[in-house]
Amino acid sequence: MPRVNGLSRSFIKLRHLEYVVAAGEYGSFRKAASALKTQESVVSRSIRDLENGLGASLFHRNASGVTPTVAGEQFLGKAEAALRCVGEGIRDVAKVGCCENGHLRVGIFSSLASGFLSELVRKYASEHTGVRIDFVDGNPTDHVSSVRQLGLDVAFVTGTRNWPDCDTERLWIERVFAVLPEKHALADKEEVHWIDLESENFIVSDAAPGPEVHDYLVQRLAGLSHHPKVETQHVSRDNLLSLVAVGRGLTLTSEATTVAKFPGVVYRPVANETLPFSAVWSPNNDNPALRCLLSMARTLSSAAVP
């Protein structure tokens, strides 16, 4: 602890600064005590203790009140600045605690085009305009690893798996859709079944969610004793759908993405097929903005239950 005149600065308390500033403002210990809702003797004794610790008088005492000494004038300026800094710090922390300010890092695996996640983000952004939100696309394993290391505050991923060292909560479900060329024979159906898809060729991207779509197809079609033909393309999602349009193969997507329309492509729901989505976060994450987001997500999730 740094020392002043051989004494530890720990003898200076915040109340000392408040008493000195009030006394300088009102020119009287009695008036300062009244403004601070305390006793004059408390103000007088505290300032005397401070002066003893500093080794210098801060005020001239007289019958009409008090006036700052030369040392007092210097100390007053510093005390006022210190109190301003403390006050600003308190306000800033309060704003963060109330989610007026802050920063959220969110890992996503679903589309923000529509659906639950889109509504959550829109509502949160409108109610917490001072919170900056950064979004990161990626696969669930990478997202959860980042959540554990506090690189992400929360990840919204498919499934209901319990991830070690993380808290998980299921929030919503989305239907699964087959993406077809508009001239495809199945395009006339209102919905398709897995048996309709067993002999089709599929294409997926090499980036998320392509590998997950590949595993999903294998799992579902294996139940029909059929190993699907799945080709990986090193393209973006938009170009993948363009490849579907020209007949290179079919793919799968979740309900939230189907609001995006692409020429030559149609979406058809896969009968009785849904994907659950969950939030994953670290129990060691104390970000107030995260608590606000999770609370809002739970409210939206409850409202969505029939």
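This passage describes the salt bridges, the internal cavity and one helix of a predicted model.

In this predicted structure, the salt bridges number 9 in total. Side chains of opposite charge can pair when their charged atoms come close. Three of these pairs are described here in turn, each with its place in the chain and the accessibility of its two partners.

The pair formed by E51 and R61 has its closest N and O atoms 2.9 Å apart. The two residues belong to distant parts of the chain, E51 to helix α3 (residues 40-54) and R61 to strand β3 (residues 59-62), with their positions 10 residues apart in the numbering. With a relative accessible area of 3%, E51 is buried, whereas R61, at 32%, is partly exposed. The contact is also part of a network of salt bridges, in which R48, E51 and R61 are linked.

A second salt bridge joins R105 to D153, and here the closest N and O atoms lie 3.2 Å apart. Because R105 sits in strand β5 (residues 102-108) while D153 sits in the loop between α6 (140-148) and β7 (154-158), the pair ties together parts of the chain that are 48 residues apart in sequence. R105 has a relative accessible area of 28% and is therefore partly exposed, while D153, with a relative accessibility of 1%, counts as buried.

The third pair consists of R220 and E273, whose closest N and O atoms are 2.4 Å apart. This salt bridge again links distant parts of the chain, since R220 is found in helix α8 (residues 210-222) and E273 in strand β12 (residues 265-281), 53 residues apart. R220 is partly exposed, its relative accessible area being 27%, and E273 is buried, with a value of 8%.

Helix α3, which carries E51, was examined along its length and around its axis. The helix has 15 residues and spans 21 Å from its first C-alpha to its last, close to the 21 Å expected at 1.5 Å a residue. Its buried residues are V43, S46, I47, L50, E51, G53 and L54. When α3 is viewed down its axis, these buried residues fall within an arc of 160°, so they line one face of the helix. An α-helix has 3.6 residues a turn, so residues three or four places apart point the same way. Just after the end of α3, G55 adopts a positive phi of about 80°.

The interior of the model was also searched for enclosed space. Across the whole structure, 1 cavity of 30 Å³ or more is found, and the largest cavity has a volume of about 50 Å³. The residues that line the largest cavity are L104, V106, L120, V121, Y124, I133, F135, F156 and L293. Three elements, β5, α5 (115-127) and β6 (131-137), each supply at least two residues of this lining, and the largest share, 3 residues, comes from α5. In terms of residue class, the lining of the largest cavity comprises 9 nonpolar residues, with no polar and no charged residues. Strand β5 thus appears in two of the settings described, as it holds R105 of the salt bridge with D153 and contributes at least two residues to the lining of the largest cavity.

Note on methods:
Residues numbered from 1 in each chain as written. Predicted model: local features only at pLDDT ≥ 70, side-chain atom pairs only at ≥ 80, totals over all residues. Heavy atoms only, no water. Salt bridge = Lys/Arg side-chain N within 4 Å of Asp/Glu carboxyl O. Helix = DSSP H or I, 4+ residues; strand = E, 2+ residues; numbered from the N terminus. Buried < 20%, exposed > 50% of the residue type's maximum accessible area, 1.4 Å probe, protein only. 1 Å grid on protein atoms, 1.4 Å probe; cavity = no way out; pocket = protein on both sides within 12 Å on 5 of 7 lines; lining within 4 Å. Points joined across faces, edges and corners; volume = space filled by probe spheres on them. Nonpolar A, V, L, I, M, F, W, Y, C, P; charged D, E, K, R; others polar. Expected span 1.5 Å × (residues − 1). Arc of directions from axis to C-beta.
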